[in-house]
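Let's take a walk through this fold, starting with some backbone and helix details and then stepping back to the whole chain. Keep the viewer open as we go.

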Amino acid sequence: MSSPQHRIVMICGNLVWAHEEAKQLFDGLADVVCMDSPNRADFLAGLKPGGKYDGIVGIYRHNTSADHIGVFDKEIIDALAETGTVKWIAHNGAGYDQIDVSRCAEKGISVSNTPGAVDDATATTALYLVISCLREYAWAEQSLRKGTWKTILDSGRAHDVTGRTLGILGLGGIGLRLAHLVHAFPMRVVYHSRNKVADAPEWCEYIDSVEGLCRESDVLSLHVPLREETVHLIGEKEIRAMKKGSIIVNTARGKVVDEEAMIRALEDGHLSSVGIDVYPNEPFVNPRLLEFPQNCLLPHMGTENQDSQRHMEVRALTNLRDFLRDGKGKDLVPEMQSKL
């Protein structure tokens, strides 16, 4: 590895809260440059020998960088690999579907994310959606703002949270945090993951199939990463396996659900409502979802608070610092861990 005075790390995308922490973490280890390219062509040119990014060894990445240079696809990963110096991408976020991880693995570039840092914020967002959909609070607020008080509401559509069954698809950090939150009511909690979670609380009941989980759930909350095998993991068959009048909550990724199948189920009343924070083609929101006033729809607000965002920034920067200091970092994404 090159000497500290010649090492350079790049801030690629927003760094809002942790500027002082960044100075402290890289003091004496590396110089810090900010990606200021207005487009992909300028970014790729900057990576070439003699370019403005020549010599970078690691990258802190935020999804906002895609607004200028696009996602980290094969073209960008190949360009990073051709530098011969870039060996670590520290992504800020739990989801990392904007990075071609398999190409990074082929080219010897490690990728980390920020698991844990997003757990509380995303789980509390899911909790809000669960409560709002069961009690139809989003519809109630709309009614009040329109000056119709609660005359357009029907209490026969709403349910208490206590005693309802929450199905959690993916009992990772976020799913487990949500399980603990709803257990306070209590709700009955059932879950499905690729494997039974060994240290799950005894009150979390394991269901051995996605379809079985759907059949048991009054509310189905999704907490799986977006990968090829999870696209439309919840489709027509799974939705129709759910109880009539049940609810889907999604704070994972929009493409995990077949949106057309979900809307059809709203139209015929099989689903009573949905609580959505993520969409297949953000920032576009299917206008048909807006036709159902009982839906609770958020503009991807899961981690939109300064406490979580600072935590995420510091964790991503620390992963990059650890790579520089120790030769390896923490929080490698699962696909990278399987190759160790």
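Helices here are DSSP runs of H or I with at least four residues, numbered from the N terminus. One thing to keep in mind throughout: this is a predicted model.

With that numbering, start at helix 7 and look just past its end. There you meet G147, a residue with a positive phi, near 85 degrees. Now turn to the helix itself, which covers residues 137–145, and pick out its buried residues: A138, W139 and S143. Those residues sit on the same side of helix 7, because the arc they cover around the axis is only 140 degrees. Swing round to the other side of the helix and you find L144 and R145, both exposed. What lies over the buried residues? The cover includes helix 6 (119–135) and strand 12 (296–297).

Helix 2 (residues 40–47) can be read in a similar way. Which of its residues are buried? They are R40, F43, L44, G46 and L47. Looking down the axis, you see these buried residues fall within an arc of 160 degrees, so they line one face of helix 2. Their cover includes two strands, strand 1 (8–12) and strand 3 (56–61), along with helix 3 (66–69) and helix 4 (74–83).

Next, the backbone oddities. Most residues that aren't glycine have a negative phi, and most peptide bonds are trans. Against that background, a few spots deserve a closer look.

Take H232, which isn't a glycine but has a positive phi, near 55 degrees. Its home is the loop that runs between strand 9 (219–222) and helix 10 (236–241). Is H232 buried or exposed? With a relative accessible area of 42%, H232 is partly exposed. H300 is another non-glycine residue with a positive phi, this one about 50 degrees. You'll find H300 in the loop between strand 12 and helix 12 (306–326). H300 has 30% relative accessibility, so this histidine counts as partly exposed too.

Then there are the cis peptide bonds. One joins F185 and P186, with omega at about 5 degrees, and P186 belongs to the loop between helix 8 (173–183) and strand 7 (188–192). Another cis bond runs from E282 to P283, where omega is near 10 degrees. P283 sits in the loop between strand 11 (271–276) and strand 12.

Now zoom out to the whole chain. In total there are 13 helices and twelve strands. How does the radius of gyration compare with that of a compact globule? For 340 residues, such a globule would come out near 20 Å, and the protein chain has 22 Å, which agrees. Along the principal axes, the C-alpha trace spans about 70 × 45 × 35 Å.

As for the inside and the surface, 50% of the 340 residues are buried. The chain exposes about 15,900 Å², and carbon and sulfur atoms supply 51% of that area. Contacts also reach across the sequence: among those between residues at least 6 apart, 67% join residues at least 24 apart. Finally, consider the charges. The chain carries 37 positive and 47 negative ones, and their mean positions are 2 Å apart.

Technical notes. Residues numbered from 1 in each chain as written. Predicted model: local features only at pLDDT ≥ 70, side-chain atom pairs only at ≥ 80, totals over all residues. Heavy atoms only, no water. Buried < 20%, exposed > 50% of the residue type's maximum accessible area, 1.4 Å probe, protein only. Arc of directions from axis to C-beta. Contact = heavy atoms within 4.5 Å. Rg over C-alpha atoms; globule rule 2.2 N^0.38 Å. Areas by Shrake-Rupley, 256 points an atom, 1.4 Å probe, with all protein chains shown as cover. Lys, Arg positive; Asp, Glu negative; His and termini not counted. Charge placed at Lys NZ, Arg CZ, Asp CG, Glu CD.
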